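Thanks, everyone. I would like to walk through one model this morning, going from a strand pairing to the nonpolar cores and then to the aromatic rings.

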Amino acid sequence: MKTLLRLLPFLAATALFAANPTPDWTVHTATAPDDTHLDYVLKLPAGEGPFPVVVFFHAAPGGVGLDGLKRLANPLRWTPFLNAGIAVCVADYRGHTANRPFEVLRGDVNATDDVAAIFQALSADPALDLTRSAILANSLGGAITLQTVSDGKVSPRCLVLNAPASFFFVGLRGRPGGKDPLTDADIDKAAALQRIAPLDLPMLLIQGTADPLYRVNEKLAEVMVAAGKDLHFQTFADESHSFTNGPDSPAFQSAVALSVEFIRKHLEAASSSDPIGP
C-alpha cells in the first residue's frame with residue numbers, strides 16, 4: 001500500500017500525458033506602457049470556449065522572443081493542462097543586461113507592467129475567460145509574478161511558483177545558498193510582510209531541496225503561512241533549481257500533475273461572474 005501511495009502522483013501524471021488533439025500554438029504580441037513589445041504564444045484545448053487559462057512566465061533571461069517561447073512550449077508540460085480543458089499562454093517579459101536580471105523590476109515601467117499588458121491582451125480574446133486565470137512561473141518569472149500580484153496589477157485566481165527567485169521579495173540579507181534554515185534576522189521581515197499582505201489567493205510553491213534557493217523559499221513559505229496566507233509548500237528531495245523544466249522524470253511529471261490539479265481545482269471553483277483585474 002505504501003508503495004502504491006508513493007506511485008500515485010506519478011501514475012496520475014502519466015494518465016494526464018495522454019495525447020490530446022488540439023490546435024497549433026498561435027503567436028501574439030502585447031505592448032507595455034513604454035511601448036516594449038512582448039511576445040506570447042497561446043494554445044487552446046479541444047472543444048468550445050471560452051476557456052480558463054494558465055499564463056506561464058519563464059526564468060531568466062527576459063526578452064527570449066518567439067524562438068525562446070517555442071522552446072518553452074514543451075508538450076510534456078502543457079498537454080496535461082490542455083487535457084484538463086485549460087488554455088495555455090507562454091509569455092515573455094522585457095530583456096535586461098547580461099547577468100543583471102533584476103533590472104526588469106526597476107524603473108517606473110518594468111516587468112510587472114509586462115505581466116499586466118499580457119493579461120490585458122488576453123482579456124480581449126473571446127476564446128478565453130480571464131475570470132478563470134492562473135499564473136505558473138519559474139525563478140525570475142516567479143519573482144516578477146509575486147511583485148505584480150502584490151502591487152495589484154493583475155488578479156489571477158491562483159499562483160503556482162516553481163523555485164521563485166524571491167530573495168529581494170523576502171528581503172534576504174546576504175546571498176542565497178546557505179545550508180541552514182534562515183531566521184528572522186536573515187531577512188527584512190517588516191518589508192516582506194508588507195509585500196505579502198496583498199497576496200490573498202491560493203498559492204502553491206514547488207521547490208527542490210538541492211536548489212540554492214531552497215532555504216530562501218522555505219523562509220518565504222514560513223512567513224506567508226504565519227501571516228495567514230493560503231500557501232502550500234511542496235518540496236522535492238534532492239531536486240535542482242530547474243527540475244520543473246524537465247527533462248522528463250518522475251519528479252518532473254509529479255510536479256506537473258500537482259500544478260494541473262491545483263490550478264484546475266481553483267479555476268473550477270471560480271465563478272465566471274466575479275470581476276478580475278486586467
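Let me begin with strand β1, residues 26-31, and strand β2, residues 37-43, which in this predicted model pair in the antiparallel sense over six bridges. Together β1 and β2 make a hairpin with five residues between them, and within that turn Asp-35 has a positive phi of about 70 degrees. If you look for the residue facing Thr-31, you will find that His-37 in β2 stands opposite.

Before going further, a word on confidence. The protein chain averages a pLDDT of 90, and 89% of the residues score at least 70. Residues 1-22, however, stay under 50 in pLDDT, and for this stretch the model has 33 contacts beyond four places in sequence. Where pLDDT is low, the predicted coordinates should not be read in detail, and I would ask you to keep that in mind as you look at the picture.

Now to the interior: which residues touch the most other members of the largest nonpolar core? That core has 54 residues, and the ones in question are Val-55, Phe-57, Cys-89, Ile-118 and Leu-122. Helix α4, residues 111-123, supplies the largest share of this core, with seven residues. Taking Leu-122 by itself, and leaving aside its neighbours within four places in sequence, we find it in contact with Tyr-40, Leu-42, Val-55, Cys-89, Leu-128 and Leu-130. Apart from this core lies another one, of 26 residues, and its members include Leu-69, Phe-81, Val-90 and Leu-136.

That brings me to the rings, where the structure holds six aromatic pairs. One of them joins Phe-167 and Phe-168, a tilted pair at 5.4 Å centre to centre, with 55 degrees between the planes. Is each partner buried or partly exposed? Phe-167 has a relative accessible area of 18% and is therefore buried, the cut-off being under 20%, whereas Phe-168, at 49% relative accessibility, counts as partly exposed.

Phe-236 and Phe-243 also form a pair, with ring centres 5.0 Å apart and planes at 50 degrees, so this pair is tilted. Here Phe-236 is buried, with a relative accessible area of 11%, and Phe-243 is buried as well, with a value of 6%.

Finally, I would point you to Phe-56, Trp-78 and Phe-81, which ring pairs link into a cluster; Phe-81, you may recall, is among the members of the core of 26 residues.

Conventions
Residues numbered from 1 in each chain as written. Predicted model: local features only at pLDDT ≥ 70, side-chain atom pairs only at ≥ 80, totals over all residues. Heavy atoms only, no water. pLDDT = per-residue confidence, 0-100. Contact = heavy atoms within 4.5 Å. Pairing = 2+ DSSP bridges. Helix = DSSP H or I, 4+ residues; strand = E, 2+ residues; numbered from the N terminus. Core = buried A, V, L, I, M, F, W, Y, C linked by side-chain atoms within 4.5 Å. Buried < 20%, exposed > 50% of the residue type's maximum accessible area, 1.4 Å probe, protein only. Phe/Tyr/Trp six-rings, centres within 6.5 Å; stacked < 30°, edge-to-face > 60°.
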